[in-house]
Amino acid sequence: MKIIDCDSHYLPPTVFDNVPEHLKHLLPTFDFSIDGKLNRVNFDIDPVKATEGKPPESFGQVSGVSNIGSRINDFNKLKITRQLLCPQELAMRFNYSVDPELAAAMCRSYNIEIKKIVDAYPDKFFATAMVPLQDMKAATVELNWAIRNGFKAVYLDNSFISADGSSVPTMCMQGIKDLIEICAMQRITIYFHSMMHHVFPFDDHYRKLQRFLPSPIHLNIYSLLVSGIFDQYPVLQVVFAEGADIHAMGAYNICQKVYERSHPDITMKADPLHYFKNNISFTVDIERTAMVRSLIKTFGSSRLMFSTDYPHDDESGLNQLKDVDDLLALGLDHADFENIAYKNAERIFRLV
């Protein structure tokens, strides 16, 4: 049985070995146990003041967070055959408020180390690349490097949050269309995942606002559709990961209502459902069976991908050892099961 896990997180112990010497004093440092567990992050000059030294238990409990051999051994427990590697950006202390030169160096060093893993185990892993959106020119340089080196997707947050606390949907950033054009022309998937986990001084205020505003996922999907990006680049593929499946129907309903009103600023040429069925995919928390069935009914199984959120044991990853069993228990027909289990991942990330 082939199962491709489309959301996991990895922190190479050598993650910043390639950063130039003149920047190394600005980097976080890590304390690993002998078996590869991450015990502590030290980053006294974190630009967003996330100074807590001990990382959350959710990524410190298993050695697979940083030990690739342990991770491969855990494939048997997870019942998976291949895995998408995403950064453990909280532990990396990477965010869009890091100094641009340092951010570019952190991204390149991470990408180099992840490429080594994929090159060593091409049948086990494929990867997303990090880019420093705080410097769009550097981001496009890094994206082109990643494309030349075999990466299958670029890893972005749904929001661009700067050091002063200002926030915009990533799809509304100045210059982001240059990056999108590269992805479309080179068939590189855009992979949206929550990245800005750090504690901001305005955090309580921001969380209160979020109760009344659409989520960043809603705003990004809306921005994608109304901008006409998918009409301009119909081959562009965008994946929304970790928790996005909760927001999928809400985002679709918002876009549908706006489309039906025929607002003059809306440039999408087709019904929103067309883009949800052809350009937008979601990783799913498979244990939410009612939601999975609803997504299949509305968008079709060809837009959903299996994920575990390994090695986390937060809400999204808590069920990771039972996710495959839950997928089997859905009783899907053969085609729907294969789509979610592996075929969509192979198609969207061009694995075959």
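**Figure 1. The salt bridge between K77 and D74 in helix α1 of the predicted model.** D74 is buried in this predicted model, with a relative accessible area of 13%, whereas its partner K77 is exposed, with a relative accessible area of 53%. The two side chains form a salt bridge in which the closest N and O atoms are 3.7 Å apart. Both residues belong to helix α1, which spans residues 68-78, and because they are three residues apart there, about one helical turn separates K77 from D74. A search of the whole structure finds 10 salt bridges, and further examples are presented in the next two views.

**Figure 2. The salt bridge between E142 and R108.** The side chains of E142 and R108 meet with an N to O distance of 2.8 Å. This pair links distant parts of the chain, since E142 lies in helix α4 and R108 in helix α3 (residues 100-120), 34 residues apart. E142 counts as buried at 5% relative accessibility, while R108 is partly exposed, with a relative accessible area of 27%. Side chains of opposite charge can pair when their charged atoms come close.

**Figure 3. A salt bridge within helix α3, and a network of three residues.** K115 forms a salt bridge with D119, and the closest N and O atoms of the pair are 2.7 Å apart. Both residues lie in helix α3, where a spacing of four residues corresponds to about one turn of the helix. K115 counts as partly exposed, at 22% relative accessibility. Salt bridges that share partners also join D245, D285 and R288 into one network.

**Figure 4. Strand β6 and its pairing with β5 and β9.** In strand β6, which comprises residues 153-156, A153 and Y155 point one way and V154 and L156 point the other way, and all of these residues are buried. In a regular strand the side chains alternate between the two faces of the sheet. Strand β5 (residues 125-130) runs parallel to β6 and is joined to it by three bridges, and V154 of β6 is the bridge partner of A129. Between these two strands the chain passes through helix α4 (residues 136-148), and the resulting β-α-β crossover is right-handed. Strand β6 is also joined to strand β9 (residues 189-192), which runs parallel to it, by four bridges; here L156 has F192 of β9 as its bridge partner.

**Figure 5. The surroundings of the buried residue R303.** R303 is placed in the loop between α11 (289-299) and β12 (304-306). Although R303 is buried, it has no salt bridge, and the nearest side chain of opposite charge, that of D336, is 12 Å away. The side chain of R303 does make a polar contact with the side chain of S281, at 3.0 Å. Leaving aside residues up to four places away in sequence, R303 touches Q237, F276, K277, N278, N279, I280, S281, F282, N344, R347 and I348.

**Figure 6. The buried side of helix α11 and the residue after the helix.** The buried residues of α11 are M291, V292, L295, I296, T298 and F299. Their cover includes the helices α9 (244-261), α10 (272-278) and α13 (334-348), together with the strands β11 (280-284) and β12. α11 is followed by G300, which has a positive phi near 95°.

**Figure 7. Backbone geometry at P311, R187 and R350.** Most residues other than glycine have a negative phi, and most peptide bonds are trans. The peptide bond from Y310 to P311 is cis, with omega near 5°, and P311 lies in the loop between β12 and α12 (323-329). R187, in the loop between α5 (176-186) and β9, has a positive phi near 60° and counts as partly exposed at 48% relative accessibility. R350, in the segment after α13, also has a positive phi, near 55°, and is partly exposed, with a relative accessible area of 30%.

**Figure 8. The whole predicted model as context for the close-up views.** The protein contains 13 helices and 12 strands, and 59% of its 352 residues count as buried. Among contacts in the protein with a separation of 6 or more, 74% are accounted for by residues 24 or more positions apart.

Definitions and conventions. Residues are numbered from 1 along each chain as its sequence is written. This is a predicted model: local features need pLDDT of at least 70, side-chain atom pairs count only at pLDDT 80 or more; totals for chains, interfaces and linings use all residues. Side-chain values use heavy atoms; hydrogens and water are left out. Buried means under 20% relative accessible area, exposed over 50%, partly exposed in between (1.4 Å probe, protein chains only). Lys and Arg count as positive and Asp and Glu as negative; His and the chain ends are not counted. A salt bridge is a side-chain nitrogen of Lys or Arg within 4 Å of a carboxyl oxygen of Asp or Glu. A polar contact is a pair of N or O atoms within 3.5 Å; within protein, one must be able to donate a hydrogen and the other to accept it, and residues adjacent in sequence count only if both atoms are side-chain atoms. Contact means heavy atoms within 4.5 Å. Two strands pair if DSSP finds at least two bridges between them. A crossover is right-handed if, with the strands pointing away from the viewer, the path from the first strand over the helix to the second runs clockwise.
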